[in-house]
Amino acid sequence: ATSEAKGDLLCLAGAVLYAAYTTVLKKMARDDISVVVLFGTIGVVVAVAVLPIVAFVEPESLDMLTWKIFGLLVFNGLFDNVLSQYLWAKGV
């Protein structure tokens, strides 16, 4: 029961953080700011901030990173995440 409650709390926290993220993003995505530059900046900042954390917390996970997996991650990041965020920003 405690792991279910922990999972529920993590889902709730994720929903709250995503709501805050989209609210801040809507305020940042004005007509005078390029959406491509905005998402590019967010992507670079997140990559630079998260990679050292992953390397410190789970260094063995980086050992399994092959060029094929890296390529799939880049593809997923560009064509799934970036495209959906770009279309969302254009829609709001």
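**Helices H2 and H4, and the largest pocket**

Student: Which handedness does the crossing of H2 and H4 have?

Tutor: This is a predicted model, with residues numbered from 1 along each chain. Local features need pLDDT of at least 70 and side-chain atom pairs 80 or more, totals for chains, interfaces and linings use all residues, and side-chain values use heavy atoms, without hydrogens or water. Here helices are DSSP runs (H or I, at least four residues), numbered from the N terminus. Where H2 passes H4, the crossing (clockwise turn of the near helix from the far one, by less than a right angle) is right-handed.

Student: How are H2 and H4 oriented to each other?

Tutor: H2 covers residues 35-57 and H4 residues 67-91, with axes 10 Å apart. The angle between their axes (C-alpha fits over the stretch in contact, N-to-C, 0 to 180 degrees) is about 135°. Since angles outside under 35, 65 to 115 and over 145 degrees count this way, H2 and H4 are therefore oblique.

Student: Which residues of H4 make the contact with H2?

Tutor: On the H2 side, contact (heavy atoms within 4.5 Å) is made by Val-35, Val-36 and Phe-39. By class, the contact has five nonpolar, one polar and one charged residues. From H4 come Gln-85, Tyr-86, Ala-89 and Lys-90.

Student: Which element gives the largest share of the lining of the largest pocket?

Tutor: The lining (atoms within 4 Å of a grid point, 1 Å grid, 1.4 Å probe, open set with protein on both sides within 12 Å along at least five of seven lines) has 27 residues. Among those closest to the centre are Gly-43 and Leu-73. The largest share, 13 residues, comes from H2.

Technical notes. Helices (H or I, at least four residues) and strands (E, at least two) are DSSP runs, numbered from the N terminus. Ala, Val, Leu, Ile, Met, Phe, Trp, Tyr, Cys and Pro count as nonpolar, Asp, Glu, Lys and Arg as charged, and the others, Gly among them, as polar.
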